[in-house]
Amino acid sequence: MSPGRCLVFTDLDGTLLDHGDYTFQGALPALERIQQEGWPLIMVTSKTRPEVEELQERMGLVQPFVVENGGGIFFPSKYGHLDLPHAGAREHYRVVTLGRPYREIRAFLQDLPEDLSVRGFGDMSPREVQEATGLPERRARMARAREFTEPFLPPDGGRLEALKARAREAGLTIAQGGRFFHLMDEGQDKGRAVRIVRKAFEAYWNESCRTVGLGDSRNDLPMLQAVDVPVVVPNPDGSPPEISRDDVVRARKPGSAGWNEALQRILDGIV
Ligand SMILES: [Mg+2]
């Protein structure tokens, strides 16, 4: 890749982070290089804000990030120079909201008839979330701090279609994750968030930039389709994103090692 402005968008679980734990050791060499190049690293994830904040702190990063499958884009105060026409203030961030407030998502679930009812994080005690996710107590608490979307336990096969239809009528959609389904606003997705971040940076830089996106599963597809250089990181446990572009870069290893290897090739200008 020729030198110049670039934004790197990345999924977390199974992509920048190794599967099953939260380590990113394998990604360190490429992380250091993109920092040297001044390429902002934008996390785009189904995780919550507290989860991303904790990770950024561990990595020593202060960058914009996208949480809960494109529900909200958070810009830290050091990016106060970016022009964000529709942003609101939330604590020390400016936030572009694409999803719906969590209480509205919860209200939809609470109003469901008995035969369609499902159990979401908001119905579970912290301990139940801990048991359902296998996360340690502190991480389960962070995963439960929802702002835009609700994970819920899969209903029986027959009820899912009826639930999806009902969600559609309310302008909501249901996405399938690994262990949970996720209820969210139909207007939010990772790709829309990527386009908004790019537009804000390009307007400030007053020039166009390249965008790289890295992901390992189907819910990353809108992000991979919205970037110039899509990178698919192999996922040994799940179905890969089936992307119909012939310019896809395929990482050769899963998790942080694959992230590192593919990004090094991009930095070296090989792809
Ligand atoms: Mg993933």
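This is a conversation between a student and a tutor about a predicted model.

Student: What makes Asp11, Asp13 and Asp216 donors of the magnesium ion?

Tutor: A donor atom has to lie within 2.8 Å of this metal. Asp11 (OD), Asp13 (O) and Asp216 (OD) lie 2.2 Å from the magnesium ion, so they meet the cut-off. Along the chain these donors follow the spacing D-x1-D-x202-D. Asp13 sits in the loop between β1 (6–10) and α1 (28–37), and Asp216 in the loop between β10 (210–215) and α8 (221–226), 203 residues apart, so the pair links distant parts of the chain.

Student: Why is Asp216 called buried, while Asp13 is called partly exposed?

Tutor: Buried means under 20% relative accessible area, and partly exposed runs from there up to 50%. Asp216 has 2%, so it counts as buried. Asp13 has 36%, so it counts as partly exposed.

Student: How do you know that the buried residues of α1 are on the same side of the helix?

Tutor: The buried residues of α1 are Ala30, Leu31 and Ile34. They cover an arc of only 105 degrees around the axis, which puts them on the same side of α1. As background, residues three or four places apart in an α-helix point the same way, because there are 3.6 residues a turn. What covers the buried residues of α1 includes β1, β2 (41–44), α2 (49–59) and α9 (255–267). After α1 comes Gly38, with a positive phi near 75 degrees.

Student: Why is the pair Arg49 and Glu91 called a salt bridge?

Tutor: The rule asks for a side-chain nitrogen of Lys or Arg within 4 Å of a carboxyl oxygen of Asp or Glu. For Arg49 and Glu91 the N to O distance is 3.5 Å, so the pair passes. Arg49 is in helix α2 and Glu91 is in the loop between β5 (88–90) and β6 (93–97), 42 residues apart. Arg49 is buried at 8% relative accessibility, whereas Glu91 is exposed at 64%. Both also belong to a network of salt bridges that links Arg49, Glu53, Arg90, Glu91 and Glu147. By this rule the count comes to 23 salt bridges.

Student: What makes Asp220 and Lys190 a salt bridge, and which parts does the pair tie together?

Tutor: Their closest N and O atoms are 2.6 Å apart, so the pair falls within the 4 Å limit. Asp220 lies in the loop between β10 and α8 and Lys190 in helix α7 (residues 190–205), so the pair ties together parts that are 30 residues apart in sequence. Asp220 has 0% relative accessibility and counts as buried. Lys190 is buried too, at 1%.

Student: How do you know whether Arg245 and Asp247 are buried or exposed?

Tutor: Their values fall between the two cut-offs of 20% and 50%. Arg245 has a relative accessible area of 24% and Asp247 has 36%, so each is partly exposed. Their side chains meet in a salt bridge, at 3.0 Å from N to O.

Student: What makes Ser256, Ala257 and Asn260 contacts of Gly26?

Tutor: Contact means heavy atoms within 4.5 Å. Leaving aside neighbours within four places in sequence, Gly26 is in contact with these three residues, Ser256, Ala257 and Asn260. Gly26 and Asn260 are 234 residues apart in sequence, yet their C-alpha atoms are 6.5 Å apart in space. Gly26 is found in the loop between β1 and α1, and at 28% relative accessible area Gly26 is partly exposed.

Key
Residues numbered from 1 in each chain as written. Predicted model: local features only at pLDDT ≥ 70, side-chain atom pairs only at ≥ 80, totals over all residues. Heavy atoms only, no water. Donors = N, O, S within 2.8 Å, 3.2 Å for Na, K, Ca; no water. Helix = DSSP H or I, 4+ residues; strand = E, 2+ residues; numbered from the N terminus. Buried < 20%, exposed > 50% of the residue type's maximum accessible area, 1.4 Å probe, protein only. Arc of directions from axis to C-beta.
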